[in-house]
Amino acid sequence: MSNEPIPLSKALASFDALWSPRIVTRVNDYDIRIAKVQGEHIWHVHDDTDEFFLVLDGELHISLREPDGERMVLLPQGAVFTVPRGTEHKPYAPSGAAILMFEPAGTPTVGDRHDEIPDHVDSTTGHALNI
């Protein structure tokens with residue numbers, strides 16, 4: 001990891017792949033990841049960790065399957081939201097977005113359990129790539 005400031009705009013400009021997070025830095029045992037997203041991701045769940053989202057640009061929707069039923073949260077630019085561990089969720093960005101996520105190092109980007117992975121998701125390892 002770099003010991004210099006990392007301009008997020010420059011890091012985001014360094015790749016075009018959608019739904020393929022890049023690790024920009026680490027804090028203790030946590031990866032700080034950025035991603036470009038557009039359209040739908042997949043329903044998935046992280047059994048042992050919460051998932052933190054910050055919308056850097058655009059708007060992100062997250063559908064959640066909770067004990068009381070399904071609901072959707074809307075995250076405009078600058079908003080944060082944490083999906084609790086064990087909660088099945090599906091992010092989507094109808095018009096595209098840039099997001100920052102905070103997760104334990106090595107957390108699979110498609111969760112521990114998930115729907116079939118479509119072609120637009122980097123499924124080679126299920127893990128974020130380093131910038």
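How much area does the chain expose, and what share of it do carbon and sulfur atoms supply? About 7000 Å² is exposed, with 49% of that supplied by carbon and sulfur atoms. Keep in mind while browsing these views that the model is predicted.

**View 1. The whole chain, with one helix and 10 strands.** Start at the N terminus and you meet the helix, followed by the strands, in the order α-β-β-β-β-β-β-β-β-β-β. There are 131 residues here, and 42% of them count as buried. Now take the contacts in the chain with a separation of 6 or more: 66% of them come from residues 24 or more positions apart.

**View 2. A cavity of about 120 Å³.** The count of cavities of 30 Å³ or more comes to one, so there's a single space to look for under the rule of a probe that fits but cannot get out. Its lining is made of 14 residues, and the ones closest to the centre are W19, P21, H41, M101 and T109.

**View 3. Who lines the cavity: β2, β4 and β8 each give two or more residues.** To find these strands, look at residues 30-40 for β2, 51-58 for β4 and 88-104 for β8. Strand β8 gives the most, with four residues in the lining of the largest cavity. Sort that lining by class and you get eight nonpolar residues, three polar ones and three charged ones.

**View 4. Y30 and F102, a stacked pair of aromatic rings.** Two aromatic pairs are counted in the model, and here's one of them. The ring centres of Y30 and F102 sit 4.9 Å apart, with 10 degrees between the planes. Because planes under 30 degrees apart count as stacked, that angle of 10 degrees puts Y30 and F102 in the stacked group. The two partners come from distant parts of the chain: Y30 belongs to strand β2 and F102 to strand β8, 72 residues apart. Are these residues buried or exposed? Each is partly exposed, with a relative accessible area of 33% for Y30 and 30% for F102.

**View 5. F52 and F102, an edge-to-face pair.** This time the planes stand at 85 degrees and the ring centres are 6.5 Å apart. Planes over 60 degrees apart count as edge-to-face, which is why F52 and F102 get that label. This pair also links distant parts of the chain, with F52 in strand β4 and F102 in strand β8, 50 residues apart. F52 has a relative accessibility of 26%, so it counts as partly exposed. Put the ring pairs together and you have a cluster of Y30, F52 and F102.

**View 6. D29, in the loop between β1 and β2.** Strand β1 covers residues 22-27. D29 is exposed, with a relative accessible area of 60%; the label follows because exposed means over 50%. Which residues does D29 contact, leaving aside its neighbours within four places in sequence? They are E103, P104 and A105. Take P104 as the one to look up: D29 and P104 are 75 residues apart along the chain, yet their C-alpha atoms are separated by 5.9 Å.

Technical notes: Residues are numbered from 1 along each chain as its sequence is written. This is a predicted model: local features need pLDDT of at least 70, side-chain atom pairs count only at pLDDT 80 or more; totals for chains, interfaces and linings use all residues. Side-chain values use heavy atoms; hydrogens and water are left out. On a 1 Å grid over the protein atoms alone, a cavity is a set of points where a 1.4 Å probe fits but cannot get out, and a pocket is an open set with protein on both sides within 12 Å along at least five of seven lines; lining residues have an atom within 4 Å of a point. Grid points are joined across faces, edges and corners, and a volume is the space filled by probe spheres set on the points. Ala, Val, Leu, Ile, Met, Phe, Trp, Tyr, Cys and Pro count as nonpolar, Asp, Glu, Lys and Arg as charged, and the others, Gly among them, as polar. Buried means under 20% relative accessible area, exposed over 50%, partly exposed in between (1.4 Å probe, protein chains only). Contact means heavy atoms within 4.5 Å. Accessible areas come from the Shrake-Rupley method with a 1.4 Å probe; for residues, only the protein chains shown count as cover. Rings of Phe, Tyr and Trp (its six-membered ring) pair if their centres lie within 6.5 Å; planes under 30 degrees apart count as stacked, over 60 as edge-to-face and the rest as tilted.
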